[in-house]
Amino acid sequence: MTSDSTKGVVMYPDEMPAYERGGGAKTIPLVTPHIGAKSFLNGMTIFAPGASIPLHSHNCEESVLLLEGNAIAEIDGVQHEVKAGDISWIPEGVPHRFINASGTEGMKILWTYARIDATRTLIETGDTRPVLAEHTKPAA
């Protein structure tokens with residue numbers, strides 16, 4: 001990463017640590033308060049073949065761009081087929097998740113949250129945690 005947070009930052013995700021999300025997914029946080037962000041967060045999540053993340057919602061809007069692979073975006077109970085280059089917008093509080101549609105190839109998304117204090121609430125358990133708290137267990 002090349003940085004002077006008062007003038008902007010260039011990041012190189014291939015050189016940055018990834019963190020385990022469970023279920024075959026790992027995340028690379030990008031724009032965070034650590035570099036000076038004040039109004040949004042973003043990062044990438046990489047999915048192994050067939051991997052998915054649990055159904056969840058957030059305390060803010062989210063946008064997800066599919067960078068690589070093919071996915072199923074489940075938003076408010078509706079499944080949408082998405083390909084690289086497709087983008088979603090998910091309102092605050094709407095249950096959603098992403099599923100790698102391939103059993104043989106990886107998938108990668110770029111996510112953006114509209115708040116730096118974004119939270120994730122798991123629909124199955126009701127457990128709510130800050131998104132940034134997920135970035136503590138480095139991937140192998």
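**Exercise 1. Find the bridge partner of Phe47 in E12, then place E12 among its neighbours.**

Step 1. Phe47 has Met107 as its bridge partner in E12. Strands here are DSSP runs of at least two residues, numbered from the N terminus.

Step 2. Strand E5 (residues 41–47) pairs with E12. The sense is antiparallel, over seven bridges. Two strands count as paired if DSSP finds at least two bridges between them.

Step 3. Strand E7 (residues 62–68) also runs antiparallel to E12, joined by six bridges. Ser63 has Thr112 as its bridge partner in E12.

Step 4. Five of the seven residues of E12 (residues 107–113) are buried, so the rest of the structure largely encloses this strand. Buried means under 20% relative accessible area, with a 1.4 Å probe and protein chains only.

Before going on, note the basis. The model is predicted: local features need pLDDT of at least 70, side-chain atom pairs count only at pLDDT 80 or more, and totals for chains, interfaces and linings use all residues. Residues are numbered from 1 along each chain as its sequence is written, and side-chain values use heavy atoms, leaving out hydrogens and water.

**Exercise 2. Which side chains make polar contacts with the side chain of Arg21?**

Step 1. Locate Arg21: it lies in strand E3.

Step 2. Its side chain makes a polar contact with the side chain of Thr27, at 3.3 Å. Another goes to the side chain of Thr45, at 3.5 Å. A polar contact is a pair of N or O atoms within 3.5 Å; within protein, one must be able to donate a hydrogen and the other to accept it, and residues adjacent in sequence count only if both atoms are side-chain atoms.

Step 3. Widen the search to contacts, meaning heavy atoms within 4.5 Å. Leaving out residues up to four places away in sequence, Arg21 touches Lys26, Thr27, Thr45, Ile53, Arg120 and Glu134.

**Exercise 3. Describe the lining of the largest pocket by residue class.**

Step 1. Define the pocket. On a 1 Å grid over the protein atoms alone, it is an open set of points where a 1.4 Å probe fits, with protein on both sides within 12 Å along at least five of seven lines; lining residues have an atom within 4 Å of a point.

Step 2. List residues. The lining includes Glu20, Arg21, Arg120 and Glu134. Strands E3 (19–22), E13 (119–122) and E14 (128–130) each supply at least two lining residues.

Step 3. Sort them. Four are nonpolar, none polar and six charged. Asp, Glu, Lys and Arg count as charged; Ala, Val, Leu, Ile, Met, Phe, Trp, Tyr, Cys and Pro as nonpolar; the others, Gly among them, as polar.

Notes:
Helices (H or I, at least four residues) and strands (E, at least two) are DSSP runs, numbered from the N terminus. Buried means under 20% relative accessible area, exposed over 50%, partly exposed in between (1.4 Å probe, protein chains only).
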